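Student: I would like a close look at a single part of this model. Please take one strand and its surroundings, then work outwards.

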Amino acid sequence: MKKLKKFLKKGNNIFFRVRSQDSKIFLQFAKKNGCRWINEKGIDLRKDDCGAFMGVDKDLRLGIMSAMCWCHLDSDVKKINFDRSML
């Protein structure tokens, strides 16, 4: 499993594009890496879902972002297409 801390070494945030069929797997990945929702609630794999675009900050807080924000991110911001090989 890839570690989010490794991705975050070069910046304060990292952004993921998550396919709908991988949303639960992405949440498993985030939870195993110690992420919590932006409101500090833990990730509930039975009830929670994620969006197509997700952001993680240096404190491992996770949040859903809009497609507009994704499209207008600076080019130097780390954007990753999440896939199952990251587990």
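Tutor: What follows starts at strand β3 and moves out to its partners, a helix and the salt bridges.

First, the confidence. This is a predicted model. The protein averages a pLDDT of 89, and 97% of the residues score at least 70. Among the elements, helix α1 (residues 4-8) has the lowest mean pLDDT, at 77. Strand β2 (residues 36-37) has the highest, at 98.

Now β3, which spans residues 53-57. Of its 5 residues, 5 are buried, so the strand is largely enclosed by the rest of the structure. Phe-53, Gly-55 and Asp-57 point one way from β3. Met-54 and Val-56 point the other way. This fits a general pattern: in a regular strand the side chains alternate between the two faces of the sheet. Here, both sets are buried.

Next, the strand partners. β1 runs antiparallel to β3, and 5 bridges join them. β4 also pairs with β3 in the antiparallel sense, over 3 bridges. Met-54 shows both pairings. Phe-16 stands opposite Met-54. In β4, the bridge partner of Met-54 is Ile-64.

The link from β3 to β4 is a hairpin with 3 residues between the strands. In this hairpin, Leu-60 takes a positive phi near 65°. A positive phi also turns up just after helix α2, where Gly-34 has a value of about 90°.

The end of β3 brings in charge. Asp-57 and Arg-61 meet through their side chains in a salt bridge, at 2.7 Å from N to O. Why is Asp-57 classed as buried and Arg-61 as partly exposed? Asp-57 has a relative accessible area of 12%, so it counts as buried, because the cut-off for buried is under 20%. Arg-61 is partly exposed because its value is 28%, and that class lies between the buried and exposed limits. The pair belongs to a wider group: Asp-57, Lys-58, Asp-59 and Arg-61 are linked in a network of salt bridges. Side chains of opposite charge can pair when their charged atoms come close.

The packing around the strand involves α2, which covers residues 23-32. The buried residues of α2 are Ser-23, Ile-25, Phe-26, Leu-27, Phe-29 and Ala-30. They pack against β3, and also against α1, β1, β2 and β4. Take Ser-23 as one case. Ser-23 is buried, at 9% relative accessibility. Leaving aside residues up to four places away in sequence, Ser-23 touches Val-18, Asp-49 and Cys-50.

Asp-22 is another charged residue to inspect. Asp-22 forms a salt bridge with Arg-19, and their closest N and O atoms are 2.7 Å apart. Asp-22 is buried, with a relative accessible area of 0%. Arg-19 is partly exposed, at 43%.

Set beside these is the salt bridge of Arg-46 and Asp-44, where the N to O distance is 3.9 Å. That value still counts because the cut-off is within 4 Å. Arg-46 is exposed, at 71% relative accessibility. Asp-44 is partly exposed, at 22%. In total, the structure holds 7 salt bridges.

To pull the view together: β3 is largely enclosed. β3 is joined to β1 by 5 bridges and pairs with β4 over 3. The buried residues of α2 pack against β3, and Asp-57 takes part in a salt-bridge network.

Technical notes. Residues numbered from 1 in each chain as written. Predicted model: local features only at pLDDT ≥ 70, side-chain atom pairs only at ≥ 80, totals over all residues. Heavy atoms only, no water. Buried < 20%, exposed > 50% of the residue type's maximum accessible area, 1.4 Å probe, protein only. pLDDT = per-residue confidence, 0-100. Helix = DSSP H or I, 4+ residues; strand = E, 2+ residues; numbered from the N terminus. Contact = heavy atoms within 4.5 Å. Pairing = 2+ DSSP bridges.
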